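Visitor: I've got a structure to look through and some questions to go with it. Mind walking me round?

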Amino acid sequence: MTIQRRTVLTGMAGLAGAGLCAACGAGSRHDADANRGTGTGAPRTGSAAAARPVRSRPEEIMHGARDSRAVALTFHGSGDPALARRLLREVNAAGGHITVMAVGQWLDEQPRMARAFLDGGHELGNHTQNHRDIDAMPAADSYAEIAQCAERLRKLTGTPGAWFRPSQAQHASPRVRAQAAALGYRGCLSYDVDSLDSTDPGASAVSRKVLHDVRGGSVVSMHLGHAGTVEALPAILDGLRGRGLRPVTVSELVKA
């Protein structure tokens with residue numbers, strides 16, 4: 001099912017006041033978010049989400065239990081597929097698992113990458129369709145960004161994934177958290193360790209940053225499509241192993 005703007009706009013009033021503002025779990029609050037309101041912009045009819053009882057906002061996951069020996073290496077999913085495959089080989093060789101928050105447009109261009117990650121025991125999540133500033137969008141547009149990527153994932157893998165990560169933001173606004181909940185996501189995924197790899201500081205800088213900041217239960221933010229990230233990965237994986245930490249998917253982390 002293609003999510004069209006007309007369908008989204010038709011139902012904006014349906015869930016705008018539907019009680020999707022229950023208290024969130026871990027994670028930061030932003031005054032600006034509170035001022036935007038929490039209308040979801042979700043269609044009232046014609047979608048699986050509308051047929052289900054409306055849930056409260058999902059909690060925002062920044063990290064797991066601090067006494068855990070597990071960490072989650074999470075990757076913004078877009079960029080050169082050759083680099084993504086190199087990164088996948090490094091992780092597979094180390095016996096680790098990762099979570100890739102895929103951009104829907106990238107999946108449209110590289111549909112085989114979805115199975116490549118899942119077949120390796122890794123996890124896919126939703127990182128919006130076009131990777132625009134989702135917190136700044138009108139409600140109908142932000143809903144469509146989440147819903148369209150969910151449809152891409154469902155078409156390719158049979159599931160929209162368990163987690164949603166906002167694009168161009170560390171934290172989702174209350175409204176975006178509500179929209180993710182309405183679409184069935186278990187939670188919005190943030191992070192407590194930013195590798196800064198998207199600035200291309202070089203492999204050694206990326207590995208130093210991650211290993212300096214990481215601790216048990218951490219969620220690390222990294223990116224596909226950057227050569228320095230791939231080159232940094234062996235040192236990161238070795239460093240984690242040396243501390244008795246193991247890389248797992250986010251779903252594994254929250255159960256650990």
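## A walk through the model

Guide: Let's start at histidine 226, which sits in the loop between E8 and H11. Keep in mind that this is a predicted model.

Visitor: Is histidine 226 buried or exposed?

Guide: Its contacts, leaving out residues up to four places away in sequence, are Leu83, Asp197, Ser198 and Asp200. The cut-off for buried is under 20% relative accessible area. Histidine 226 has 17% relative accessibility, so it counts as buried.

Visitor: What share of the residues in the protein is buried?

Guide: The fold comes to 12 helices and 9 strands, and the protein exposes about 10,800 Å². Of its 256 residues, the buried ones make up 54%.

Visitor: Which face of H10 do its buried residues line, and within what arc do they fall?

Guide: Helix H10 covers residues 203–213, and its buried residues are Ala203, Val206, Ser207, Val210 and Leu211. Looking down the axis of H10, they line one face of the helix because they fall within an arc of 115°.

Visitor: And which residues are exposed on the other side of H10?

Guide: The buried residues of H10 pack against strand E7 (193–194), strand E8 (219–223) and helix H11 (227–242). On the other side of H10, the exposed residues are Arg208 and His212.

Visitor: Over to threonine 128. Which backbone nitrogen does its side chain reach?

Guide: Threonine 128 is in the loop between strand E4 (123–126) and helix H8 (139–157). Its relative accessibility is 0%, so it counts as buried. Its side chain comes to 3.1 Å from a backbone nitrogen, that of histidine 131.

Visitor: Which aromatic residue does threonine 128 touch, not counting residues up to four places away in sequence?

Guide: With those neighbours left out, the residues touched by threonine 128 include Ala102, Val103, Glu145 and Cys149. Also among them is an aromatic one, Phe164.

Visitor: How many aromatic pairs are there in the whole structure?

Guide: A search of the whole structure turns up a pair count of 1. The ring centres of phenylalanine 164 and tyrosine 185 are 6.4 Å apart with planes at 50°, so the pair is tilted. Both residues are buried, and the number of aromatic pairs is 1.

Visitor: How many residues apart in sequence are the parts that this pair ties together?

Guide: Phenylalanine 164 lies in strand E5 (residues 163–164). Tyrosine 185 is in the loop between helix H9 (174–182) and strand E6 (187–189), so the parts tied together are apart in sequence by 21 residues.

How values were computed: Residues numbered from 1 in each chain as written. Predicted model: local features only at pLDDT ≥ 70, side-chain atom pairs only at ≥ 80, totals over all residues. Heavy atoms only, no water. Helix = DSSP H or I, 4+ residues; strand = E, 2+ residues; numbered from the N terminus. Buried < 20%, exposed > 50% of the residue type's maximum accessible area, 1.4 Å probe, protein only. Polar contact = N/O pair within 3.5 Å; in protein donor to acceptor, adjacent residues only side chain to side chain. Contact = heavy atoms within 4.5 Å. Arc of directions from axis to C-beta. Areas by Shrake-Rupley, 256 points an atom, 1.4 Å probe, with all protein chains shown as cover. Phe/Tyr/Trp six-rings, centres within 6.5 Å; stacked < 30°, edge-to-face > 60°.
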